[in-house]
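Me: I am new to this structure and would like the reasoning behind each term that is applied to it. Please set out the grounds for every label in turn.

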Amino acid sequence: MAATSATIFSICPTTSAGSKPSRQKAFGLKFNSRRAAESVRCELEASFLGKESSAALRQSFALKAQKENKRSWNYIQPQASYKVSILGAAGGIGQPLALLVKMSPLVSALNLYDIANVKGVAADLSHCNTPSQVFDFTGASELANSLKDVNVVVIPAGVPRKPGMTRDDLFNINASIVRTLVEAVADNCPDAFIHIISNPVNSTVPIAAEVLKKKGVYDPKKLFGITTLDVVRANTFVAQKKNLRLIDVDVPVIGGHAGITILPLLSKTKPSTAFTDEEVQELTARIQNGGTEVVEAKAGAGSATLSMAYAAARFLESSLRALDGDSDVYECAYVQSDLTDLPFFASRVKLGRNGVEAFISSDLQGLTEYEQKALEALKPELEASIEKGIGFVQKEAATA
């Protein structure tokens with residue numbers, strides 16, 4: 001939704017276990033609290049919020065209306081207090097992501113870094129009348145300054161997929177980019193949440209972990225591979241297929257973020273939904289190949305940049321809510337994990353002020369035969385991708 005004078009909320013991520021978005025603030029707008037619940041209902045129908053979140057938010061306004069002693073108008077002060085840095089902000093994902101982040105009422109400063117062409121992006125965004133200030137940083141000499149005192153670092157930097165390319169084809173270029181950027185993060189904001197978007201995520205997250213370990217600042221609770229786009233696609237495709245209201249649908253997606261390592265758990269869909277064997281196979285394949293679908297449709301002109309930016313913004317808003325004290329924030333993410341015998345694994349996690357607070361292990365219980373076989377089938381490919389990432393850093397260290 002647009003950030004206009006009539007907007008009550010910006011992008012607001014849903015959570016997978018009935019979150020209460022108590023920390024979402026407005027842009028300091030006046031509104032009639034007795035009418036707020038209905039106004040918010042209209043806004044939320046098109047937002048990131050899920051059904052339970054919407055109900056909780058409407059209730060919070062209803063309670064506020066009851067408690068207020070003022071006549072009719074209340075004022076919510078914005079509490080934008082978090083600094084976010086986007087590394088690769090002038091790219092196909094970086095630009096729309098920056099716009100969405102600029103809309104967040106929780107962001108006070110938005111640092112945009114890239115090797116070129118970022119000054120114009122920052123100037124453009126700085127005209128948007130939302131709380132955050134926008135700063136631009138260009139080239140290696142300004143990388144460190146772009147990371148000073150930052151709470152969350154988002155890394156979409158790297159080359160995009162092209163027709164015929166697999167995520168693995170991107171490895172040699174993007175691996176070096178991620179290594180360099182994470183080294184700078186380790187030196188300048190080691191306590192920040194780190195969101196890795198650069199593909200292949202199955203390998204770049206282990207690369208980031210190894211770099212942070214060598215710097216002595218690795219906190220596995222604060223390193224995330226952003227797999228939210230797989231969840232966004234799963235929710236969208238299931239809602240379309242089964243004629244459900246999108247706001248009601250939640251499908252956990254586990255494994256990794258490439259091909260068969262992406263495993264939507266359709267049996268865990270909320271609301272409870274029955275699928276035929278054919279529907280399961282069709283939906284699973286489409287979710288796994290969603291990126292390829294976009295690459296082919298764009299015919300060489302790009303990859304899934306807009307939907308990825310949307311998904312990354314959703315996960316970022318969840319992280320900011322967790323940092324801001326919301327105790328009921330859940331998202332799927334690719335993180336260091338002990339849910340399986342693999343060192344990194346995507347699953348639903350609970351987020352808190354210190355990062356990952358808990359793994360939702362129940363999602364992996366009671367799987368269907370199809371899902372259990374798919375889980376076992378993805379493990380060798382995911383393991384190879386993890387080892388490739390770890391090996392990249394270790395090899396470079398040995399030859400240094």
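Me: What makes glutamine 336 and phenylalanine 344 a matched pair?
Reply: In this predicted model, glutamine 336 stands opposite phenylalanine 344, a residue of strand E12.

Me: How do you know that E11 and E12 pair?
Reply: Two strands count as paired if at least two bridges are found between them. E11 and E12 (residues 344–352) share eight bridges, so the condition is met, and the sense of the pairing is antiparallel.

Me: Why is strand E11 called mostly covered?
Reply: A residue is buried when its relative accessible area is under 20%. In E11 (residues 329–336), seven of the eight residues are buried.

Me: How do you know that E12 and E13 pair, and which residues face each other?
Reply: Four bridges join E12 to strand E13 (residues 355–359), and the rule asks for at least two, so these strands pair; they run antiparallel. Glycine 352 has glycine 355 in E13 as its bridge partner. With two residues between them, E12 and E13 form a hairpin.

Me: Why is proline 206 called buried?
Reply: The limit for a buried residue is under 20% relative accessible area. Proline 206 has 0%, and it is therefore buried. Its place is in helix H7 (residues 201–215).

Me: What is in contact with proline 206, leaving aside its neighbours within four places in sequence?
Reply: Contact requires heavy atoms within 4.5 Å. Proline 206 is in contact with Val201, Tyr334, Phe344, Ile386 and Ile390. Phe344 is the residue already met opposite glutamine 336.

Me: Why is the pair of glutamate 279 and lysine 242 called a salt bridge?
Reply: The term requires a side-chain nitrogen of Lys or Arg within 4 Å of a carboxyl oxygen of Asp or Glu. For glutamate 279 and lysine 242 the N to O distance is 3.2 Å, so the pair qualifies. Glutamate 279 lies in helix H9 (residues 277–288) and lysine 242 in helix H8 (residues 228–242), so the salt bridge ties together parts that are 37 residues apart in sequence.

Me: Why do glutamate 279 and lysine 242 receive separate labels for accessibility?
Reply: Under 20% is buried, over 50% is exposed, and values in between are partly exposed. Glutamate 279, at 15%, is therefore buried. Lysine 242, at 25%, is therefore partly exposed.

Me: What makes arginine 286 and glutamate 293 a salt bridge, and are these residues buried or exposed?
Reply: Their side chains meet at 3.2 Å, N to O, and the cut-off is within 4 Å, so the term applies. Neither extreme label fits: arginine 286 has a relative accessible area of 34% and is partly exposed, and glutamate 293, at 36%, is partly exposed.

Me: How do you know that arginine 321 and aspartate 326 form a salt bridge, and why are both called buried?
Reply: The closest N and O atoms are 3.0 Å apart, which satisfies the cut-off of within 4 Å. Arginine 321 is at 0% relative accessibility and aspartate 326 at 4%. Each value is under 20%, so both residues count as buried. Elsewhere, salt bridges that share partners join Asp341, Glu376 and Lys379 into one network. The whole structure holds 14 salt bridges.

Me: How many residues line the largest pocket, and what kinds are they?
Reply: The largest pocket contains about 650 Å³ of space. Its lining has 39 residues, and the closest to its centre are Pro156, Ala157, Gly158, Val159 and Pro160. The lining divides into 19 nonpolar, 15 polar and five charged residues. Helix H6 (171–188) supplies the largest share, four residues.

Me: What makes the lining of the largest cavity five nonpolar and two charged?
Reply: The lining consists of Pro190, Ala192, Ile194, Leu212, Val217, Asp219 and Lys222. Asp and Lys count as charged, whereas Pro, Ala, Ile, Leu and Val count as nonpolar. The division is therefore five nonpolar, no polar and two charged. The volume of this cavity is about 30 Å³.

Methods
Residues are numbered from 1 along each chain as its sequence is written. This is a predicted model: local features need pLDDT of at least 70, side-chain atom pairs count only at pLDDT 80 or more; totals for chains, interfaces and linings use all residues. Side-chain values use heavy atoms; hydrogens and water are left out. Buried means under 20% relative accessible area, exposed over 50%, partly exposed in between (1.4 Å probe, protein chains only). On a 1 Å grid over the protein atoms alone, a cavity is a set of points where a 1.4 Å probe fits but cannot get out, and a pocket is an open set with protein on both sides within 12 Å along at least five of seven lines; lining residues have an atom within 4 Å of a point. Grid points are joined across faces, edges and corners, and a volume is the space filled by probe spheres set on the points.
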